[in-house]
Amino acid sequence: MKENEVLKVIRGRRSVLRFDTTPVSDGDLEAILEAGRWAPSFANAQPWTFVVVRDEEKKRKLGQVIERIAFAHRGQMALSGKGFGDAPVVVAVVVDPLKDPQHHIEAGAAAAQNMALMAHSLGLACFWAGLARKGPEEEVRKILRLPRGVRVVALLPLGRPAYTPRDGERAPLSEIVRYEVLEK
Ligand SMILES: Cc1cc2nc3c(=O)[nH]c(=O)nc-3n(C[C@H](O)[C@H](O)[C@H](O)COP(=O)(O)O)c2cc1C
């Protein structure tokens, strides 16, 4: 298989749930936001706004919202809000359905992943906190004073990882790729 820097960054990115208190520099944050800005979107609608949160109280409240959402995913707890309190910065990826009624969620997801990859390439880390349900999204709407109608695609607590995460795991290509048609 061909290997290059992009694939290395994609493979090496891990979700990190604890951060140390080293601040994220303005330069690093700007580069991460710039990576989000260059995500693709339907008809280049760019339906996103990135809300940068540094305020301790807001970060703590966002973490509490995520902590309360719990569901079992393949037997593991897939959700955690632990990192929000100590992450130096949280970026909320917010999208506006009025700017793109059909594909706003996908566009926001592309922007969030671009930012996660950029963060990793800078020696930072994050995890993608999804809100999963309307209730938590309404709580975040209040904390961040979001206008009615916009959707929160992801909350990304960002910082220097406080530990070395375990290696990632993915199903092999042979399991997830089919050629021409899917049915057996
Ligand atoms: C849409 C989406 C929602 C997620 N929500 C959460 C979350 O709320 N809390 C959390 O701890 N991780 C969350 N994750 C992170 C996944 O658990 C993680 O990406 C997955 O286990 C693979 O691990 P890796 O990112 O280290 O490769 C989410 C990821 C995605 C893409």
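Axes here are lines fitted to C-alpha atoms, for helices over the stretch in contact, and angles run from 0 to 180 degrees between N-to-C directions. The model is predicted.

**Exercise 1. Helices α1 and α4**

Task: Find how α1 and α4 are oriented to each other, and which residues make their contact.

Solution.
1. Locate the helices. α1 spans residues 5-12 and α4 spans residues 104-121.
2. Take the geometry. Their axes lie 9 Å apart, at an angle of about 100 degrees.
3. Classify. Angles of 65 to 115 degrees count as roughly perpendicular. Therefore α1 and α4 are roughly perpendicular to each other.
4. List the contact. α1 supplies Val9, Ile10 and Gly12, while α4 supplies Leu117, His120 and Ser121.
5. Sort by class. The contact has three nonpolar, three polar and no charged residues.

**Exercise 2. Helices α3 and α5**

Task: Repeat the analysis for α3 and α5, giving their orientation and the classes in their contact.

Solution.
1. Locate the helices. α3 covers residues 56-68, and α5 covers residues 134-143.
2. Take the geometry. The axes come within 10 Å and cross at roughly 175 degrees.
3. Classify. Angles over 145 degrees count as roughly antiparallel. The two helices, α3 and α5, are therefore roughly antiparallel to each other.
4. List the contact. From α3 come Lys58, Lys61, Leu62, Val65 and Arg68. From α5 come Pro136, Glu139, Val140 and Ile143.
5. Sort by class. Five residues are nonpolar, none is polar and four are charged.

**Exercise 3. The sheet**

Task: Write the strand order, identify the edges and place α2.

Solution.
1. Order the strands. The open sheet has four, in the order β1-β4-β6-β5, with antiparallel pairing.
2. Find the edges. β1 (48-53) and β5 (125-126) each pair on one side only.
3. Inspect one edge. β5 pairs with β6 (residues 151-159) over two bridges, in the antiparallel sense. Cys126 has Leu158 of β6 as its bridge partner.
4. Add the helix. α2 (residues 26-37) packs on the sheet and touches β1, β4 (89-95) and β6. The direction of α2 makes about 160 degrees with that of β1.

**Exercise 4. The ligand**

Task: Name the residues that come nearest the ligand, then list polar atom pairs with their distances.

Solution.
1. Start with the surroundings. Twelve residues are around the ligand; Arg14, Ser15, Leu79, Trp128 and Arg170 come nearest.
2. Take the ligand oxygen atoms. A polar side-chain atom of Arg14 is 2.9 Å from an oxygen atom of the ligand. For Arg170, a side-chain N or O atom lies 2.9 Å from a ligand oxygen atom.
3. Take a ligand nitrogen atom. A polar backbone atom of Gly130 lies 3.1 Å from it.

Methods: Residues are numbered from 1 along each chain as its sequence is written. This is a predicted model: local features need pLDDT of at least 70, side-chain atom pairs count only at pLDDT 80 or more; totals for chains, interfaces and linings use all residues. Side-chain values use heavy atoms; hydrogens and water are left out. Two strands pair if DSSP finds at least two bridges between them. Contact means heavy atoms within 4.5 Å. Angles under 35 degrees count as roughly parallel, over 145 as roughly antiparallel, 65 to 115 as roughly perpendicular and the rest as oblique. Ala, Val, Leu, Ile, Met, Phe, Trp, Tyr, Cys and Pro count as nonpolar, Asp, Glu, Lys and Arg as charged, and the others, Gly among them, as polar. A residue is near a molecule or strand if one of its heavy atoms lies within 4 Å of it. A polar contact is a pair of N or O atoms within 3.5 Å; within protein, one must be able to donate a hydrogen and the other to accept it, and residues adjacent in sequence count only if both atoms are side-chain atoms.
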